[in-house]
Amino acid sequence: FSADVWRALSQCNIRSLFLNDTMESSCSQEVFQPFVASLPPQLVYLNLANCSLEAPHMALLYRALKDNCVLTHLDLSENSLGKDSS
């Protein structure tokens, strides 16, 4: 997905986003950053299972969601988070 798609999504009234199994194994932080920066503020459910995410991706996701009081479900299963993500 391009940054334009993410910006468009952030303007929609999306409450659930299922992106499991959709990210490439080489998803760079530069590609992932526009996505997390544009997450819809009313998002309640986010599924990023099996998206080849690693610790650096989690740092970006944390910064984007740290003040979010709406998200109640975040699925990060089957990612290569490793010990650096704790």
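**Reading the helices and core of a predicted model**

In helix α3, which spans residues 55-65, the buried residues are His57, Met58, Leu60, Leu61 and Leu65. The model is predicted.

User: How do I read that list of buried residues in α3: where do they sit around the helix?

Analyst: Look down the helix axis and see where each residue points. In α3 the buried residues fall within an arc of 160 degrees, so they line one face of the helix.

User: Which residues of α3 are exposed on the other side?

Analyst: Turn the helix around to find them. On that other side, Tyr62 and Arg63 are exposed.

User: What do the buried residues of α3 pack against?

Analyst: Follow the buried face to its neighbours. For α3 these are helix α2 (29-37) and the strands β2 (45-47) and β3 (73-75).

User: Let me try α2. Which of its residues are buried?

Analyst: Phe32, Phe35 and Val36 are buried in α2. They span an arc of only 90 degrees around the axis, which puts them on the same side of α2. The face turned away from that side carries Glu30 and Ala37, both exposed.

User: How do I read a nonpolar core? Which residues touch the most other members?

Analyst: Start with the members that have the most partners. The largest nonpolar core has 16 residues, and those touching the most other members are Leu17, Phe32, Phe35, Leu39, Leu46, Leu48 and Leu61. Helices α2 and α3 each supply at least two residues of this core. The largest share, 4 residues, comes from α3.

User: Now a single residue. Is His57 buried or exposed?

Analyst: Compare the relative accessible area with the cut-off: under 20% counts as buried. His57 has 4%, so His57 is buried. Its place is in helix α3.

User: What lies 2.9 Å from a polar atom of the His57 side chain?

Analyst: Check backbone atoms as well as side chains. Here the partner is the backbone nitrogen of Glu54, at 2.9 Å.

User: And Met58, buried or exposed?

Analyst: Apply the cut-off again. Met58 is buried, because its relative accessible area is 13%. Met58 also lies in helix α3. For a distance across the fold, take C-alpha atoms. Those of Met58 and Leu76 are separated by 9.4 Å, and the two residues are 18 apart along the chain.

User: Where is Gln42?

Analyst: Gln42 sits in the loop between α2 and β2. Its relative accessible area is 17%, so Gln42 is buried.

User: Which residues does Gln42 touch, not counting those up to four places away in sequence?

Analyst: Leave out the sequence neighbours, then list the contacts. Gln42 touches Cys12, Asn13, Ile14, Arg15 and Val70.

User: Let me step back. How many helices and strands are there?

Analyst: Count elements, then read their order. The protein chain has 3 helices and 3 strands. From the N terminus, the order is α-β-α-β-α-β.

User: What do the totals for the chain say?

Analyst: Take burial, surface and contacts in turn. Buried residues make up 34% of the 86 residues. The chain exposes about 5,300 Å², with carbon and sulfur atoms supplying 50% of it. Among contacts between residues at least 6 apart in sequence, 81% join residues at least 24 apart.

User: Where is confidence lowest, and where is it highest?

Analyst: Read pLDDT for the whole chain, then by element. The chain averages 79, and 76% of the residues score at least 70. Helix α1 (residues 3-10) is lowest, at a mean of 66, while β3 is highest, at 94.

Definitions and conventions:
Residues are numbered from 1 along each chain as its sequence is written. This is a predicted model: local features need pLDDT of at least 70, side-chain atom pairs count only at pLDDT 80 or more; totals for chains, interfaces and linings use all residues. Side-chain values use heavy atoms; hydrogens and water are left out. Buried means under 20% relative accessible area, exposed over 50%, partly exposed in between (1.4 Å probe, protein chains only). The arc is that of the directions from the helix axis to the C-beta atoms. Contact means heavy atoms within 4.5 Å. A nonpolar core is a set of buried Ala, Val, Leu, Ile, Met, Phe, Trp, Tyr and Cys residues joined through side-chain atoms within 4.5 Å. A polar contact is a pair of N or O atoms within 3.5 Å; within protein, one must be able to donate a hydrogen and the other to accept it, and residues adjacent in sequence count only if both atoms are side-chain atoms. Accessible areas come from the Shrake-Rupley method with a 1.4 Å probe; for residues, only the protein chains shown count as cover. pLDDT is the predictor's confidence in each residue, from 0 to 100.
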